[in-house]
Amino acid sequence: MMAGNYASAMDIAKKQVEDGAHVIDINVDDGMLDGLAAMQKFVKIAVTEPEIAKVPFMLDASKFEIVEAGLKWCQGKPIVNSISLKVGEELFKEHATLLRKHGAAVVVMAFDEKGQAATEAEKVRICKRSYDILVNEVRFPPEDIVFDPNVLTIGTGMEEHANYGVDFINATKTIKEQC
């Protein structure tokens, strides 16, 4: 894609589907790439390729305007990776509302205004808060919400990281029960 060779990118996507991929992840985050133009061009071409367009697209970008560019050209139900409360509650709601209008499913990261969740309690608190806002205020369909409680590096040797794996597993169970 850096060289503008979208035909090769389509061949890769087609091969992934042939090999059993259930979703095509489209990530154009690269400092040397015009992410907005690349997302738009890739999705515009991909939706015309029946062997690629038969699976959902995961629009994956760190900038929401890049996600938005992809949404405008998607068919069916795309999945957006990701939104989080780190942008603040109001912008989180705006993003979620736009995604709901496009019929997209969403991956919600366990980040808020204070940063990334590290402990079990933080992961559960942030995901539950996100869920309540999405379902009760934005009216987002619960079945279209996927949580990513962020498994963090567990093999650092640092004592404060020793419980990250257990915290992730326990938080995942609680999030599933509460959300």
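**Figure 1. Arg139, out in the open with a positive phi.** Arg139 is exposed, with 58% relative accessible area. This is a predicted model, as are all the views that follow. Look for Arg139 in the loop between α6 and β7. Its backbone is worth a glance too: phi of Arg139 is near 65 degrees, a positive value in a residue that isn't glycine.

**Figure 2. Asn150, another positive phi, but buried.** Here we're in the loop between β7 and α7 (164-178), where Asn150 is found. Asn150 isn't a glycine, yet its phi is positive, at about 60 degrees. With a relative accessible area of 4%, Asn150 is buried.

**Figure 3. A cis peptide bond leading into Ser82.** The bond to zoom in on runs from Asn81 to Ser82: it's cis, with omega near 20 degrees. Ser82 belongs to strand β3. Ser82 also turns up in the next view, as one of the residues that lie nearest the centre of the largest pocket.

**Figure 4. The largest pocket and its lining.** This pocket holds about 290 Å³ of space. Its lining comes to 15 residues, and those nearest the centre are Ala61, Ser62, Ser82, Ile83 and Lys86. Which elements give two or more residues to this lining? They are α4 (64-71) and β3 (79-83). Sorted by class, the lining of the largest pocket has seven nonpolar, five polar and three charged residues.

**Figure 5. The second largest pocket, with α1 and β1 in its lining.** The volume here is about 180 Å³. Helix α1 (6-18) and strand β1 (24-27) each put at least two residues into the lining of the second largest pocket. Among the lining residues are Met1, Ala9, Ile12, Ala13 and Gln16, along with Ile24, Asp25, Ile26 and Asn27. Val28 and Phe42 line this pocket as well. By class, that lining splits into eight nonpolar, two polar and one charged.

**Figure 6. Strand β1, one face buried and the other not.** In a regular strand, side chains alternate between the two faces of the sheet. Follow β1 along and you'll see Ile24 and Ile26 pointing to one face, both buried. Asp25 and Asn27 point to the other face and aren't buried. Next door is β2 (residues 57-60), which runs parallel to β1 and is joined to it by four bridges. To get your bearings, start at Ile24, whose bridge partner in β2 is Phe57.

**Figure 7. Tyr131 and Phe147, a tilted aromatic pair.** A search of the whole structure turns up one aromatic pair. The ring centres of Tyr131 and Phe147 sit 6.4 Å apart with the planes at 50 degrees, so the pair counts as tilted. Tyr131 is in helix α6 (residues 120-137) and Phe147 in strand β7 (residues 145-148), so the pair ties together parts 16 residues apart in sequence. Buried or exposed, these two? Both Tyr131 and Phe147 are buried.

**Figure 8. Cys127 and Cys179, with no disulfide between them.** The disulfide count for this model is zero. For Cys127, the nearest cysteine sulfur is that of Cys179, 6.5 Å away. A disulfide needs the two sulfur atoms within 2.5 Å, so this pair doesn't make the cut. Turn to Cys179 and the nearest cysteine sulfur is that of Cys127. Their surroundings are worth checking too: Cys127 is buried, at 0% relative accessibility, whereas Cys179 is partly exposed, at 26%.

Note on methods: Residues are numbered from 1 along each chain as its sequence is written. This is a predicted model: local features need pLDDT of at least 70, side-chain atom pairs count only at pLDDT 80 or more; totals for chains, interfaces and linings use all residues. Side-chain values use heavy atoms; hydrogens and water are left out. On a 1 Å grid over the protein atoms alone, a cavity is a set of points where a 1.4 Å probe fits but cannot get out, and a pocket is an open set with protein on both sides within 12 Å along at least five of seven lines; lining residues have an atom within 4 Å of a point. Grid points are joined across faces, edges and corners, and a volume is the space filled by probe spheres set on the points. Ala, Val, Leu, Ile, Met, Phe, Trp, Tyr, Cys and Pro count as nonpolar, Asp, Glu, Lys and Arg as charged, and the others, Gly among them, as polar. Buried means under 20% relative accessible area, exposed over 50%, partly exposed in between (1.4 Å probe, protein chains only). Two strands pair if DSSP finds at least two bridges between them. Rings of Phe, Tyr and Trp (its six-membered ring) pair if their centres lie within 6.5 Å; planes under 30 degrees apart count as stacked, over 60 as edge-to-face and the rest as tilted.
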